[in-house]
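Here are some notes to read alongside the structure. Please keep it open and follow along point by point.

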Amino acid sequence: MKKIEVIQNVLEANETIASRNRQLLDKHKVFAINIMSAPGAGKTSLILQTLTGLKGRLNIAVIEGDVASTVDAEKVQSEAKAVVQINTLNMPESCSLMAAMIESALKDMPLDNIDLLLIENVGNLICPSEFTLGEHKRVVISSLPEGDDKPIKYPLIFIDADAVIINKMDLLPHVDFDIAAFRRSIEGLNPKAAVFQLSCKTSEGIEKWCSWISKQVETNATKR
Amino acid sequence: MGLKIKNQVIYNIVAFFLNQMHELGVTENIVNIALAKAGEAQANKVVQINLVVGELSGFVPDCIQFYFDSLSKDTIVQGAVLHFESVPTQLRCRICSTIFHPQDTLWSCPKCGGQSVEIFKGRELYIESMEVE
């Protein structure tokens with residue numbers, strides 16, 4: 001019997017495909033955002049608000065990741081330039097989108113006509129933190145009814161986020177959510193993350209979020 | 001069979017059929033890497049695979065083992081022992097640079113009490129080495 005050194009990252013296969021996705025996106029000047037949250041925090045609502053808010057400014061495509069159904073794709077299809085629904089039920093992984101799923105979805109996208117790609121991940125605060133997709137920015141949504149302790153309970157997803165959104169601000173009078181405590185947790189884990197407080201229901205704060213996206217897209221375009 | 005173990009078995013079986021876990025794809029990667037490395041070493045059999053798993057990584061060794069048993073069937077990796085070395089979480093305080101194992105859920109620094117930290121260790125998931133024949 002002999003021992004052989006390996007030292008190989010088990011997630012490398014996903015990361016290789018993710019960097020291939022990134023190259024393809026960059027080649028076609030598409031800026032991609034991976035949107036993650038627990039189920040029901042408002043990923044689809046945020047996408048709908050973003051589509052409306054950036055209408056006429058950016059051509060936006062959407063990839064919808066869900067375990068099953070096309071409910072979300074139907075909701076966004078009238079406003080988006082292109083929509084691809086990924087159902088993860090019969091895939092090796094159903095708890096998160098993986099780079100290979102995005103690779104195949106990109107084949108169905110008119111990439112040359114798209115400036116911004118919004119990827120709605122599967123509702124889950126654990127698994128998506130392990131898998132990169134080739135995105136330029138990672139965004140996590142927390143909504144007020146979930147409570148302000150999510151960054152403490154699920155630190156990884158918040159540590160890697162470029163932006164954190166506090167959604168359902170309209171519910172503040174009705175729930176015990178300590179905004180300052182939540183923001184302190186984010187500041188501690190990830191001081192570089194941009195934090196937005198908004199409501200997809202009332203559109204409060206959406207303009208600021210849309211401006212941030214526009215700026216990211218512009219900055220990325222000038223870098224290339 | 002204790003209730004806890006029984007529940008775990010049922011959970012694993014359900015998870016397998018519903019594909020609810022992300023360990024399946026990860027285990028596929030483990031088997032593929034092991035097969036490739038064993039091929040390079042011209043080995044006839046893989047006896048043990050030594051994995052390093054960070055405490056913070058979202059991967060469950062029991063679940064990897066469960067998938068491994070079926071994915072490795074009829075390959076030279078079949079029957080290999082999966083040895084998991086767990087890496088405890090280590091955080092680094094951004095204020096005073098102390099490296100520490102978190103003692104509370106807030107991840108406060110034991111030296112200065114600061115709550116601004118970065119992960120130093122604990123997210124690993126890699127194959128460290130293998131024993132082959």
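**Notes on the two chains**

1. A good place to start is the packing around one helix: β2 (31-37) and α4 (99-106) of chain A are among the elements that cover the buried residues of α1(A). Contact here means C-beta atoms, placed from the backbone, within 7 Å. Helices (H or I, at least four residues) and strands (E, at least two) are DSSP runs, numbered from the N terminus.

2. Before going further, please note that this is a predicted model, in which local features need pLDDT of at least 70 and side-chain atom pairs count only at pLDDT 80 or more, while totals for chains, interfaces and linings use all residues. Residues are numbered from 1 along each chain as its sequence is written, and chains are lettered from A and ligands numbered from 1 in the order in which they are written.

3. Which residues of α1(A) are buried? They are A:N14, A:I17, A:A18, A:N21 and A:L25, where buried means 20 or more other C-beta atoms within 10 Å of a residue's own, exposed means 12 or fewer, and partly exposed lies in between, with C-beta atoms placed from the backbone. These buried residues cover an arc of only 105° around the axis, which puts them on the same side of α1(A); the arc is that of the directions from the helix axis to the C-beta atoms. A:T16, A:Q23 and A:K27 are exposed on the other side.

4. Just past the end of α1(A), look for A:K29, which has a positive phi of about 55°.

5. In chain B, strand β3 (residues 90-93) has B:L91 and B:C93 on its covered face, with B:Q90 and B:R92 on the uncovered one. In a regular strand the side chains alternate between the two faces of the sheet.

6. β3(B) runs antiparallel to β5 (residues 117-121) of chain B, joined by four bridges, and B:L91 sits opposite B:I119. Strands count as paired if DSSP finds at least two bridges between them. With β4(B), β3(B) forms a hairpin that has five residues in between, and B:S97 in the turn has a positive phi of about 65°.

7. Finally, the two chains meet: 29 residues of chain A are in contact with 32 residues of chain B. On the chain A side, β1(A) gives the most, with eight residues. β1(A) also pairs with strand β6 (residues 125-132) of chain B, antiparallel and over six bridges, and A:N9 has B:Y126 as its bridge partner there.
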